[in-house]
Amino acid sequence: MRKIWKWLDDKLEEVLMTISLMGMTAIMGIQIFSRYILGFAPSWSEEITRYLFVWAGFLSVSYCTKRCISIKIEQFVEMFPKRGKAAFKLFNHTIELVFFIYLIPFAVKYLLSAVESGQVSPACHIPMYYIQAAPLVSFLLVAFRIMQRWFAEFKIVRSKEGKDECRLL
């Protein structure tokens, strides 16, 4: 069981994004083949590709958070010693965590509105709440990943000699 949790912690976002990208590639290949060789384009292909793209985009936020990949100004933070960097990152992670926790109730309302409306996608008749669940799942995963980063930086702040956790990943 511990191995499963470790694997999920290490690979969840990567595997889901890889599956999404492979699915998009295969579906678009089928659409191109159908359009140019068979003379018709299946109506479902663009819709499914769009939904996979939405999910991959939201999952990428969690992936980037986990891997400490973001737009940031490193030069200012690099001036500090390890504990100072960690304290700055701790403050940054706190702001990020508050922001994503703030977004979660809005994502829940968005999802519930899709459930209540009963709307389905035009070509595939997929319930739209499957697609509109992406923000909620993403914000929950991001909040979890930020908490992981927060505790890692907190350990560095409390230690005498810390390692830069983002550099280790």
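Here, two residues are in contact when heavy atoms of theirs lie within 4.5 Å. Val-142 makes a handy starting point in this predicted model: setting aside neighbours within four places in sequence, its contacts are Val-61, Ser-62, Thr-65 and Phe-100.

**View 1. Helices H2 and H6, side by side.** H2 covers residues 43–66 and H6 covers residues 134–158; their axes sit 8 Å apart, at an angle of about 5°. Angles under 35 degrees count as roughly parallel, so that is the label for H2 and H6. On the H2 side, the residues to look for are Val-54, Trp-55, Phe-58, Leu-59, Val-61, Ser-62, Thr-65 and Lys-66. H6 brings Ala-134, Pro-135, Val-137, Ser-138, Phe-139, Leu-141, Val-142, Arg-145, Ile-146 and Arg-149 to the contact. Sort the residues of this contact by type and you get 12 nonpolar, three polar and three charged.

**View 2. The largest nonpolar core.** Twelve residues make up this core. Among them are Leu-97, Phe-100, Leu-103, Ile-104, Ala-107 and Leu-111, along with Ala-133, Leu-136, Phe-139, Val-142, Ala-143 and Ile-146. H4 (82–117) and H6 each put in at least two residues, and H4 gives the most, with six. Val-142 turns up again here as a core member, and Phe-100 of the same core is one of its contacts.

**View 3. A cluster of phenylalanine rings.** Ring pairs tie Phe-58, Phe-99, Phe-100 and Phe-139 together into a cluster. Counting pairs whose ring centres lie within 6.5 Å, the model has seven aromatic pairs. Two of the cluster's rings, Phe-100 and Phe-139, also belong to the largest nonpolar core. Phe-58 and Phe-139 can be spotted in the H2–H6 contact as well.

**View 4. Glu-13, tucked away in H1.** Is Glu-13 buried or exposed? Its relative accessible area is 0%, so Glu-13 is buried. Glu-13 is found in H1, the helix of residues 2–38. Leaving out neighbours within four places in sequence, Glu-13 contacts Leu-59, Ser-62, Tyr-63, Lys-66, Leu-141 and Arg-145. Ser-62 is 49 residues away along the chain, yet the C-alpha atoms of Glu-13 and Ser-62 are separated by 7.1 Å. Ser-62 is also on the contact list of Val-142.

**View 5. Two loop residues with positive phi.** Neither Cys-68 nor His-125 is a glycine, but each has a positive phi of about 60°. Cys-68 lies in the loop between H2 and H3 (74–78), while His-125 is in the loop between H4 and H5 (128–132). Which of the two settings is buried, and which exposed? Buried means under 20% relative accessible area, so Cys-68 qualifies at 16%. The cut-off for exposed is over 50%, and His-125 therefore counts as exposed at 56%.

**View 6. Gln-119, in the H4–H5 loop.** Gln-119 lies in the loop between H4 and H5, where His-125 is also found. With a relative accessible area of 45%, Gln-119 is partly exposed. Residues up to four places away in sequence aside, Gln-119 touches Ala-114, Ile-126, Pro-127 and Met-128. What separates the C-alpha atoms of Gln-119 and Trp-7? They are 112 residues apart along the chain, and the separation is 35 Å.

Definitions and conventions:
Residues are numbered from 1 along each chain as its sequence is written. This is a predicted model: local features need pLDDT of at least 70, side-chain atom pairs count only at pLDDT 80 or more; totals for chains, interfaces and linings use all residues. Side-chain values use heavy atoms; hydrogens and water are left out. Axes are lines fitted to C-alpha atoms, for helices over the stretch in contact, and angles run from 0 to 180 degrees between N-to-C directions. Helices (H or I, at least four residues) and strands (E, at least two) are DSSP runs, numbered from the N terminus. Angles under 35 degrees count as roughly parallel, over 145 as roughly antiparallel, 65 to 115 as roughly perpendicular and the rest as oblique. Ala, Val, Leu, Ile, Met, Phe, Trp, Tyr, Cys and Pro count as nonpolar, Asp, Glu, Lys and Arg as charged, and the others, Gly among them, as polar. A nonpolar core is a set of buried Ala, Val, Leu, Ile, Met, Phe, Trp, Tyr and Cys residues joined through side-chain atoms within 4.5 Å. Buried means under 20% relative accessible area, exposed over 50%, partly exposed in between (1.4 Å probe, protein chains only). Rings of Phe, Tyr and Trp (its six-membered ring) pair if their centres lie within 6.5 Å; planes under 30 degrees apart count as stacked, over 60 as edge-to-face and the rest as tilted.
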